[in-house]
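Subject: Structure handover

Hello,

Here is the structure I said I would pass on. My notes follow below it.

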Amino acid sequence: MQAVVIDKYGSVDVLQLRELERPSPQADQVLIEVYYASINPIDTKIRDGSMSFRFGKSFPKIMGFDASGVVHEVGAAVTHLKVGDAVYARSDQLCGHTQAEFVAIGASAVAKKPSSLSYIEAAAMPLAGLTALQGLRDDCQLQAGQHVLIVGASGGVGTYAIQIAKAMGATVTAVCSGVNADLVVGLGADKVIDYHQSPALDGHTVYDAIYDVVGSLAYGKARKQLSRRGHFAAAVPSLNVIFSMFIANRWRRQQARFVMCKSSGVDLEMLAQWAEQGKLRSIIDEVLPLNKVQKGHQKIATKRCVGKIVIAVQPNTA
């Protein structure tokens with residue numbers, strides 16, 4: 001099978017398209033024939049070595065965490081999925097392994113693809129959608145009727161976070177570039193702050209939750225605009241959030257959390273339900289062939305992507 005691999009950390013030049021042996025599923029896994037994958041910021045951090053402390057120095061590494069496709073083979077212990085099922089997943093493999101023609105993933109991390117989404121749209125959703133859902137539900141503890149500030153609202157996680165927050169019954173203020181204001185309003189944002197014209201924090205609006213998906217806010221400043229029992233969540237780790245998680249959260253009513261996305265077929269099923277109800281859709285920045293994955297990494301580095309970059313592993317299967 002063809003797969004995108006790295007043999008060392010470095011620039012986009014270390015990304016290679018190579019022929020590898022097709023994996024076989026273990027008893028609790030399914031083998032997915034991958035139609036589409038996607039690129040996330042974490043892929044660029046794995047590739048350049050900035051997260052080597054977590055992902056180690058053994059090579060080669062097969063890249064990619066998101067996948068949509070069909071079940072090609074099921075492990076002996078898997079009962080809720082069968083060969084031929086259209087599925088999508090956030091891989092539970094250490095480095096993902098989804099930018100390949102086949103990937104073996106734990107069945108508990110896989111869900112049936114929403115029929116309302118194409119394979120392209122489904123491949124965009126797992127990691128970013130789960131990061132949005134788990135950050136809002138678990139870390140922000142968002143409730144219906146509350147007001148949430150979403151910073152980085154036009155990116156991969158942000159576009160899902162707006163829609164999920166609205167599906168949960170919240171009021172949403174979205175922070176993004178003014179050129180993307182119409183997009184985020186169309187996704188459900190009640191108010192838009194153009195960070196080119198105004199700061200994300202105005203000094204007086206009180207939020208029940210603040211979700212910073214791009215790592216641009218200092219928690220010490222953000223907490224001044226949180227309600228007494230408000231929650232701050234960051235998708236990008238910072239020292240002040242980590243300090244609060246381990247020390248300050250113990251005596252403050254306000255809480256800060258670093259969001260760590262977890263593979264979950266159950267949560268993907270929840271996203272699928274919202275998609276089927278017309279409450280959740282994917283925003284696609286660009287679809288690239290497998291041999292153009294370097295271009296995707298370069299574009300993500302600009303931090304100007306609107307929605308997600310999808311990789312066509314096996315085109316013409318949308």
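Gly169, just after helix H5, takes a positive phi of about 90 degrees. Please keep in mind that this is a predicted model, and that the angle, like the other values below, is computed from it.

H5 itself covers residues 156-167. Its end C-alpha atoms are 17 Å apart, which agrees with the 16 Å that twelve residues should span at 1.5 Å a residue. The helix is mostly covered, with ten of its twelve residues buried. The buried positions are Gly156, Val157, Gly158, Thr159, Tyr160, Ala161, Ile162, Gln163, Ile164 and Ala165.

Two of these, Ile162 and Ile164, also appear among the residues with the most contacts inside the largest nonpolar core, along with Ile32, Leu136, Val148 and Leu271. That core has 89 residues. Strand E3 (residues 29-39) gives the most to this core, with seven residues. Another core lies apart from it and has 15 residues, including Val151, Val175, Leu226 and Ala256. Back in the largest core, Leu271 touches Ile164 of H5. Beyond four places in sequence, the other residues that Leu271 touches are Tyr88, Met125, Gly129, Leu130, Leu133 and Leu280.

Next, the open sheet. It has six strands in the order E11-E10-E9-E12-E13-E14, with parallel pairing. Strands E11 (191-194) and E14 (255-258) stand at the edges; each has a single partner strand, so one side of each is left without a neighbour in the sheet. From one strand to the next, the twist averages 15 degrees. Inside the sheet, E9 (residues 147-151) and E12 (residues 207-212) pair in the parallel sense over four bridges, and Val148 has Ala209 in E12 as its bridge partner. Helix H4 (residues 126-139) packs on the sheet, where it touches E9, E12, E13 (226-234) and E14. The direction of H4 makes about 145 degrees with that of E12.

His147 is found in E9. It counts as buried because its relative accessibility is 19%, and the cut-off for buried is under 20%. The side chain of His147 makes a polar contact with the side chain of Thr173 at 2.8 Å. Leaving aside neighbours within four places in sequence, the contacts of His147 include Thr171, Val172 and Thr173, and also Thr205, Val206, Tyr207, Asp208 and Ala209.

The other pairing I looked at is between E3 and E7. These two strands pair in the antiparallel sense over five bridges, one of which joins Leu31 to Ala104 in E7. E7 (residues 102-106) has five of its five residues buried. Both of its faces are covered: Phe102, Ala104 and Gly106 lie on one side, and Val103 and Ile105 on the other.

Gln29 has its place in E3. With a relative accessible area of 10%, Gln29 is buried. Its side chain reaches the backbone nitrogen of Gln26 at 2.9 Å. Apart from neighbours within four places in sequence, Gln29 is in contact with Ala104, Ile105 and Gly106, among others; the list also includes Ser24, Val74, Gly75, Val78, Gln93 and Ala107. The C-alpha atoms of Gln29 and Arg223 are separated by 43 Å, and these two residues are 194 residues apart along the chain.

Regards

Notes: Residues are numbered from 1 along each chain as its sequence is written. This is a predicted model: local features need pLDDT of at least 70, side-chain atom pairs count only at pLDDT 80 or more; totals for chains, interfaces and linings use all residues. Side-chain values use heavy atoms; hydrogens and water are left out. A nonpolar core is a set of buried Ala, Val, Leu, Ile, Met, Phe, Trp, Tyr and Cys residues joined through side-chain atoms within 4.5 Å. Buried means under 20% relative accessible area, exposed over 50%, partly exposed in between (1.4 Å probe, protein chains only). Contact means heavy atoms within 4.5 Å. The expected span of a helix is 1.5 Å times one less than its number of residues. A polar contact is a pair of N or O atoms within 3.5 Å; within protein, one must be able to donate a hydrogen and the other to accept it, and residues adjacent in sequence count only if both atoms are side-chain atoms. Two strands pair if DSSP finds at least two bridges between them. Axes are lines fitted to C-alpha atoms, for helices over the stretch in contact, and angles run from 0 to 180 degrees between N-to-C directions.
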